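Trainee: Could you walk me through one part of this model in detail? I'd like a close look at a single sheet and whatever sits around it.

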Amino acid sequence: MAIKEEVIFDGKPHIGDLISGVLLGATIVGLPLFVGALTRRLWVNYRITNRRVIVTGGFRGRERSDIVYKEIAKVVSVPRGLGGRGDMVLTLKDGSRLEMRSVPNFRKISDYILERLDAKAREVSGSLGKKRGARA
């Protein structure tokens, strides 16, 4: 019997990423940050389900990455802004990495993903903003 796939989160990068990009874009140095934030907001979408992580992106959102939880070897997350968003890097067992920038509710999503990993992957994973083993 197949398990029904339930969507836990489906959305775009956090709007705070675009807002900070607009503010920094007023300077020449911040212009690339603005372009990156705008591109992510237009073309990137994150979907977290009970079975996998799906990221669509690339030019006009034409590229798609599907990662099942058993393929993930490590998850590292970094809080951004005031903690309402964050970046996550999923390292796969084959050594490749999937970066997820400006994920809304990233602590909740990161914890959800960590719960679905095997014990070894969970042990080496964590947040750069927390001490290892100090998960709340």
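Trainee: How many bridges join strand β5 to strand β6, and do they run parallel or antiparallel?

Mentor: Happy to, and keep in mind that this is a predicted model. Strand β5 covers residues 72–80 and strand β6 covers residues 85–92; the two run antiparallel, with eight bridges between them. To see that pairing residue by residue, pick out Lys74, whose bridge partner in β6 is Thr91. Further along, Val78 has Asp87 as its bridge partner in β6. The two strands make a hairpin with four residues between them, and Gly81 in that turn has a positive phi of about 60°.

Now zoom out a bit. The hairpin belongs to an open sheet of four strands, ordered β7-β6-β5-β8, and the pairing is mixed. At the edges you find β7 (97–104) and β8 (126–127), each of which pairs on one side only. The parallel part of the mix includes β5 with β8, joined by two bridges. On that side, Ser77 stands opposite Ser127 of β8. As a reminder, strands in a sheet pair through backbone hydrogen bonds, in either a parallel or an antiparallel way.

Next, what packs on the sheet? Helix α3, residues 106–115, does, with contacts to β5, β6 and β7, and its direction makes about 170° with that of β5.

Back to the hairpin for its side chains. Asp87, the β6 partner of Val78, also meets Arg80 in a salt bridge, at 2.9 Å from N to O. The two ends of that salt bridge sit in different classes: Arg80 counts as partly exposed because its relative accessibility is 37%, whereas Asp87, at 13%, counts as buried.

Asp87 also turns up in the surroundings of Ser102, a residue of strand β7. Ser102 has a relative accessibility of 2%, so it counts as buried. If you skip the neighbours within four places in sequence, its contacts are Pro13, His14, Asp17, Tyr46, Arg85, Gly86 and Asp87. Asp17 in that set leads us to helix α1 (residues 15–24), where the buried residues are Gly16, Asp17, Leu18 and Gly21. The cover over those buried residues includes α2 (31–43) along with β6 and β7. For reading a helix like that, remember that there are 3.6 residues a turn, so residues three or four places apart point the same way.

Since you'll probably want the charged pairs too, the structure holds nine salt bridges. Besides the Arg80–Asp87 pair, there is one between Arg116 and Glu115, with the closest N and O atoms 3.2 Å apart. Glu115 is exposed, because its relative accessible area is 55%, while Arg116 is partly exposed at 31%. Elsewhere, shared partners link Glu5, Arg52, Arg64 and Asp66 into one salt-bridge network. Within that network, the side chains of Arg64 and Asp66 meet at 2.7 Å, N to O. Arg64 is exposed, with a relative accessible area of 51%, and since the cut-off for exposed is over 50%, I'd read that label together with its number. Asp66, at 31%, is partly exposed.

So if you want one residue to start from on screen, try Asp87: it counts as buried at 13% relative accessibility, its bridge partner is Val78, its salt-bridge partner is Arg80, and it is in contact with Ser102.

Key
Residues are numbered from 1 along each chain as its sequence is written. This is a predicted model: local features need pLDDT of at least 70, side-chain atom pairs count only at pLDDT 80 or more; totals for chains, interfaces and linings use all residues. Side-chain values use heavy atoms; hydrogens and water are left out. Two strands pair if DSSP finds at least two bridges between them. Contact means heavy atoms within 4.5 Å. Axes are lines fitted to C-alpha atoms, for helices over the stretch in contact, and angles run from 0 to 180 degrees between N-to-C directions. A salt bridge is a side-chain nitrogen of Lys or Arg within 4 Å of a carboxyl oxygen of Asp or Glu. Buried means under 20% relative accessible area, exposed over 50%, partly exposed in between (1.4 Å probe, protein chains only).
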